[in-house]
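Q: Could you walk me through this one while I have it open on my screen? I'd like to go back and forth a bit.

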Amino acid sequence: MSGVLAICEHSAGVWNRMSFETLAAAQQLGRAQGWPVSAVVLGQGTAALAAEPAACALDRVYSLEHERLASYTADGFTSALDWLIARVRPDVVLLPHTYRVRDFAPCLAARAGRPLVSDVTGIRVEQGELIFERQLFQGRLNADYSVDGAGLVFVSLQAGAFRADAVEPGSAPIETRTPPLDETTIRQRPEAPFRESAGELDLGTAELIVAVGRGIREAGNIDLVRELAAALGAELAASRPVCDNGWLPIERQVGSSGQTVAPKLYIAVGISGAIQHLVGMKGARTIVAINKDAGAPIFEVANYGIVGDLFEVLPALTEQLRNAKA
Amino acid sequence: MQILVAIKQVPARDSQLTIAPSGEWIEEDDLAYEINEPDAYALEAALQLKERHGGEVIALCAGPERVLPVIREALAKGADRAIHVAEDHPEVWGTLACARLLAQAAETEKPDLVLTGLQSDDLGWAQTGVVMAELLRLPHATLVIEAGIEDGRVRVKRELEGGWFQHVSMPLPALVTIQSGSIRLRYATLMGIKKARTKPVRRLTAAELGVAPARQLRLRRLHPPRHDKQTTMLTGSAQEQAAQLVEILRHEVRVL
């Protein structure tokens, strides 16, 4: 056997939509290389879920069923997938670069003694060789990687690197397998997931958002941003470091660990634009970035950019907005 | 309790990065370096666990001589001793070989708990800690924002996506990777800095640890990020930039 194996992710019976981005990437890679493409769904009672990838143009969908896969554990998922990979023997294993994949995929790759190219933003073929593009230095530079020699390679894909709606429909047989998982395999004891913030603030419906990042330097300066938001009639939001420092409550955090927003206008103030933040806001219709560092990755996604000192730009902008609205 | 913390030295956060003429790495000559931020939180978590449960914190760092300030900083903040794996470019060894280097060094201590940051701010693979766990045959958890010890187990609070959290417990010894941000970092005191000078730093080499480079991936080329979007840059003084933006918000974005 050979080909591409795509690992799909769901939790509590709901698909993570990055699974379909991974399936789209697997189909594209399969076409380019002339490889068969299969997908795997892990869990307990996943028959209904597996029907969805089975309605895509794939050669096979593996359903790994086990009561010990009902809740996610790094040990359970690593063992089950390692067992399947040893049987399917794919050339490439594709995964979505989710928090869960970050938890088990390095183990899985190490167990196979093979490399994991993580957080990949693009795959291309150059003279028969696979080239994987990924970001370094928090998005400041990109790098092309290739694999030395032949053999299995694991690849995790950054959110949004491939389009979920590009998945080609079709029909694939479902093959249910039961991996051997005894009690001693799984050392982690997971408890039920929970949400913390009592706040019910939903930034997802906000039309206008002014968001502040690490560049604001200290809590006392937040008022500068609050005033801008007020002048514009916008909701105030923040990147992770601002909430970690307690300068704004966590219910205002935008990004992979916070809320996902899609406003008409998103003004990012002093936010460098780490991918964890970008995934939460790049769906905004218009993005304005204000940052002192012209090389900050936030400018990659911005429609309008101001390179400058936010302590000068914000008061000027607030005043002019007030005048414009008066 | 023996707690080992693996830390890495990375280019300082706001460094101006220039691609070297070879295209395969950055110019390193004028770079300032600092401790990788998530590793600073791992160190802090280790020091807090030691304060609660007693024992010893050992800092582990691989790299050339220039990583010594990061080791000194860890000792000044309260680590009891350190291991320096002296290797010029462990990062080009590849994740698996680099993790093997760190795992072999960790093995010489038989720690109850290994902590490290969830990823590095330079290469960002987010793998080394987890691979170390696999090589050391330790149970692990990632993206951890709180860790407590009870009845020979470590119970951690993990971050999931979209504002969700989860508690997970594992038997000790175990390995945990720490997320930045949730605890307050301490500063080194003058007394700490003074004491650090006399704390032992054990120097090991890859040869002594019996580990050889085994690169599996090749960095072919570095390049600046591609602009997918056309970004209009507003220039001039702050007043002029603000004036242009107000015009754009009124006429283009139409939100005024």
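Q: How many residue pairs are in polar contact between chain A and chain B?

A: In this predicted model, the count between chain A and chain B is 45 residue pairs in polar contact, with both residues at pLDDT 80 or more. Helix H9 of chain A, residues 310–325, gives the largest share of the side of chain A that touches chain B, namely nine residues. By class, that side of chain A has 36 nonpolar, 19 polar and 25 charged residues.

Q: And how many residues does the contact take from each chain?

A: It takes 80 residues from chain A and 86 residues from chain B. Between them the two chains bury about 7,800 Å², with 51% of that area on carbon and sulfur atoms. On the side of chain A, the residues that lose the most area to chain B are A:Tyr99, A:Phe137 and A:Arg187, which together account for 9% of what that side buries.

Q: What about salt bridges, how many are there between chain A and chain B?

A: There are ten salt bridges between chain A and chain B, while a search of the whole structure finds 37 over all chains. As background, side chains of opposite charge can pair when their charged atoms come close.

Q: Which residue does B:Glu37 meet in a salt bridge?

A: The side chain of B:Glu37 meets that of A:Arg214, at 3.2 Å from N to O. B:Glu37 lies in helix H1 of chain B (residues 37–53) and A:Arg214 in the loop between strand S14 (208–212) and helix H5 (222–232) of chain A, so the pair joins two chains.

Q: Is A:Arg214 buried or partly exposed there?

A: A:Arg214 is partly exposed, with a relative accessible area of 36%.

Q: Where do A:Arg240 and B:Glu159 lie?

A: Those two side chains meet in a salt bridge as well, at 2.9 Å from N to O. Because A:Arg240 lies in helix H6 of chain A (residues 240–244) and B:Glu159 in strand S8 of chain B (residues 153–159), the pair joins two chains. A:Arg240 is buried at a relative accessible area of 18%, and B:Glu159 is buried at 3%.

Q: Which residue of chain A does B:Asp14 meet in a salt bridge?

A: B:Asp14 meets A:Lys292 through their side chains, with 4.0 Å from N to O.

Q: Now within chain B, what does B:Glu65 form a salt bridge with?

A: B:Glu65 forms a salt bridge with B:Arg203, and the closest N and O atoms are 3.5 Å apart. This pair links distant parts of the chain, 138 residues apart, with B:Glu65 in the loop between strand S4 (56–63) and helix H2 (68–77) of chain B and B:Arg203 in strand S11 (residues 201–204) of chain B. B:Glu65 counts as partly exposed, at 45% relative accessibility. Elsewhere, salt bridges that share partners join A:Arg124, A:Glu126, A:Glu133, A:Asp144 and B:Arg221 into one network.

Q: Moving on to strands, which strand of chain B does strand S9 of chain A pair with?

A: Strand S9 of chain A (residues 141–147) pairs with strand S12 of chain B (residues 217–223) in the antiparallel sense, over six bridges. Within that pairing, the bridge partner of A:Tyr145 in S12(B) is B:Leu219.

Q: How many residues of strand S6 of chain B are buried?

A: Five of its five residues are buried, so to be careful with the wording, strand S6 of chain B (residues 113–117) is mostly covered.

Q: And what pairs with S6(B)?

A: Strand S1 of chain B (residues 2–7) runs parallel to S6(B) and is joined to it by four bridges, with B:Leu4 standing opposite B:Val114. Strand S10 of chain B (residues 174–178) also pairs with S6(B) in the parallel sense, over five bridges, and there the bridge partner of B:Leu113 is B:Ala174.

Q: Last topic, the chains as wholes: what is the secondary structure of each?

A: Chain A comes to nine helices and 18 strands, and chain B to seven helices and 13 strands. Buried residues make up 59% of the 326 residues in chain A and 57% of the 256 residues in chain B. The C-alpha trace of chain A spans about 70 × 50 × 35 Å along its principal axes, and the C-alpha atoms of chain B fill a box of roughly 65 × 45 × 40 Å.

Notes:
Residues are numbered from 1 along each chain as its sequence is written. Chains are lettered from A and ligands numbered from 1 in the order in which they are written. Side-chain values use heavy atoms; hydrogens and water are left out. Contact means heavy atoms within 4.5 Å. Buried area is the accessible area (1.4 Å probe) that two parts lose on being put together, summed over both. A polar contact is a pair of N or O atoms within 3.5 Å; within protein, one must be able to donate a hydrogen and the other to accept it, and residues adjacent in sequence count only if both atoms are side-chain atoms. Ala, Val, Leu, Ile, Met, Phe, Trp, Tyr, Cys and Pro count as nonpolar, Asp, Glu, Lys and Arg as charged, and the others, Gly among them, as polar. Two strands pair if DSSP finds at least two bridges between them. Buried means under 20% relative accessible area, exposed over 50%, partly exposed in between (1.4 Å probe, protein chains only).
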